[in-house]
Structure formats: structure tokens, C-alpha cells
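Please read these points with the structure open beside you. They deal with charged pairs, pockets and aromatic rings, in that order.

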Amino acid sequence: MVNYLIASNIIFFLATIFSGGFTLSNLLRWGAKFGPLIANGEWQRLLICIFLHGNLWHLFFNLYALYYLGRMAEEIYGYRKFFGIYIVSGLSGSILSYLLNYSQIGVGASGAIFGLAGAIFASGLKYRHTSLHQVGMNLLPFILINLLIGAFSPAIDNAAHLGGVLSGMLLGWIVSPGTSWIRWKRTLEEVLYWVTIAFVVFAMLTFFVPNLASGKASIDKIVTFHNEAQKILLKIELGFPPSPLEVEKLSPPDRKAREIKELLLTFLEEGGKNSVLQREIEEKFLSWREEILDKYQGIILEKSP
């Protein structure tokens, strides 16, 4: 299972590179954590962001830690419990980061990795008369030093680390090492494992497949409408109204954008000479633009031409 997670991180990393690199807008396109977008219904970002990274060194250090801690955790808990701890810890880190760092864009697997360390540490505390105790205690310096570094580094999302390690410790205390000998517990582990996989697949599909995304307005769709509508308004201002076909091609990302499109079509149907309607359209567009810029904290400006 560790190798599958490493491969998933690498695939997302390559996809990020070949689709535009590590710009804020491209990371957002691929599912980076960003409070305003999550609050707008894109809950999938809480999960997807743990598969994304901001640069090569970020990926390298996280994958090194994942390989080391992941193999250890998988050996202790088995691949089913390991996977559950990893995903739940990553989600918990994202949620705490969302609550404490609402306007900060976040990517990285470190919350989930801290969760693995926290789980092994907690299990070591619980099973203090076994060899697991020493293994867990050996991870305490790793946890404390990295949390301390994160506390004094603005570039590090320490809330994600803290959320990951706390949830990992809770799971490490609850979840027993190895595979359960009791039949109903073993069945429950199997069911929870497949439920976790189904949740991950569902989150990915509903985020990346347009027909399943419940009309979610992507950053790209918003920027495209903004730029195309701005061009049309400029043509009108210069006295060269566009054809209705050009306006029909607009793809509004929300209700207010649809109203702007409908007003533009009405304006052209009336001959493109109604100055009162023209001012109304311009005012609606500027109002919509201000709301978008405020909602997305100015992030969409990066993609504007």
C-alpha cells in the first residue's frame, strides 16, 4: 500500500508540472486546500491536497518520510489499518488547517505522515511492555522537532501537522496492531478499508469529472468567463458590438454571470444602442467581478491575461 501512495503522489506531481507548473492557480486547479473554495462546496480539496506538492524538494522529503514511516506503520498495523490511519490523519490535518489558516493555500502529505508517526507513538505508549514501546518513543524527537520548526516557519502549515499527529495518536491508541483474530472485528476492518477506498475514489471523481461535479464552478471557468465578457464589453465600448453568436459561447459559472449573459443578448437583440442597458450590464459585471475577487482573495488575477 505504501508504494501505491508514493506512486499516487508522483502522478499528481507530474500532472502538476505538465499542466502549468507550481503556480497558485495551477495548484488550485489540481485540488490545493484553500478556505474560500472549500467553503463554496469544494470539500474534496481537504483530501486531494494531501496528494499534491509545491516543488521537487517538498515531494522528495515527504516521500522519504512516507517510505520510512509508511513501511513501519504498514508492518505494525497491516495495510488496511495503515491506509485508514493515513487518509484520516491527512483529512484531519487539512480540516484543522482550514479552520486556522482559512486563506492560506496548502498542499502536501505531511499531515498524513505526521499521523503515522503519531499513531506509532501512541501505540508505543499503550503497549509499553512490548518492543513497540521503544519504536514509538524513538519517534517522539521527530514529532517535537518538526512541530517546533513549523511553529517558527511561516511557510510551513503547522496546523496540518498538528491535526495529523493528534488524530494519528487517537487512532494509534484505539486501533490494535496486526490483524484481529476476532471474526467480527476482522470483517469490520475489511469493510472500513473498502469504505475508505470508495470515499477517496468518490472525492476524486466528483472533483475532476465535470459531469459528476454538481455544477461546481472551477477557477478556469470563472477566469474564462471574466476575460471573454470583458473583451465583449470593450468591443461595445469602442462601438464594435460583437455578434450574438460570440455572446452565446459564454459559459457562465454562476447565477449572476448568467444574468450578465442574458442582458448582453438582450442588448444585442435591441440593436446594441441602448446606453442605459449598457451601463446596467457594465455595473453588473463590475459588481460580479468584485465579489469574485473578494471570494477568491484575488487568486484568479494570476490567470488573467
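1. Begin with a pair inside one helix: Glu259 and Arg255 are four residues apart in helix H14 (residues 255-269), about one turn of the helix. Helices (H or I, at least four residues) and strands (E, at least two) are DSSP runs, numbered from the N terminus. The side chains of Glu259 and Arg255 form a salt bridge, 2.8 Å from N to O. The term means a side-chain nitrogen of Lys or Arg within 4 Å of a carboxyl oxygen of Asp or Glu.

2. This is a predicted model, in which local features need pLDDT of at least 70 and side-chain atom pairs count only at pLDDT 80 or more, while totals for chains, interfaces and linings use all residues. Residues are numbered from 1 along each chain as its sequence is written, and side-chain values use heavy atoms, with hydrogens and water left out.

3. Glu259 also forms a salt bridge with Lys284, with 3.7 Å between the closest N and O atoms. Glu259 lies in helix H14 and Lys284 in helix H15 (residues 275-295), so this pair ties together parts that are 25 residues apart in sequence. Arg255, Glu259 and Lys284 are thus named together as a network of salt bridges. Glu259 is partly exposed at 27% relative accessible area, and Lys284 is partly exposed at 32%. Here buried means under 20% relative accessible area, exposed over 50%, and partly exposed in between (1.4 Å probe, protein chains only).

4. The whole structure has eight salt bridges. One of them joins Glu189 and Lys81, at 3.1 Å from N to O. Glu189 is in helix H11 (residues 183-208) and Lys81 in helix H6 (residues 79-100), so the pair ties together parts 108 residues apart in sequence. Both Glu189 and Lys81 are buried.

5. Which residues are closest to the centre of the second largest pocket? They are Lys81, Val175, Leu188, Glu189 and Leu192, out of 21 lining residues. H11 gives the largest share of this lining, nine residues. The pocket has a volume of about 500 Å³. A pocket, on a 1 Å grid over the protein atoms alone, is an open set of points where a 1.4 Å probe fits, with protein on both sides within 12 Å along at least five of seven lines; lining residues have an atom within 4 Å of a point.

6. The largest pocket has a volume of about 690 Å³. Of its 33 lining residues, His58, Asn62, Ser110, Ile156 and His161 are closest to the centre. Two or more lining residues come from each of helix H5 (56-77), H6, helix H7 (110-126), helix H9 (140-151) and helix H10 (158-174).

7. There are 19 aromatic pairs in the whole structure. Among them, Phe12 and Phe208 form a tilted pair, 6.2 Å centre to centre with 45° between the planes. Rings of Phe, Tyr and Trp (its six-membered ring) pair if their centres lie within 6.5 Å; planes under 30 degrees apart count as stacked, over 60 as edge-to-face and the rest as tilted. Phe12 is in helix H1 (residues 2-18) and Phe208 in helix H11, so the pair ties together parts 196 residues apart in sequence. Phe12 is buried at 12% relative accessible area, whereas Phe208 is partly exposed at 30%.

8. Phe12 and Phe208 also belong to one aromatic cluster with Trp30, Phe51 and Phe207.

Methods: Points joined across faces, edges and corners; volume = space filled by probe spheres on them.
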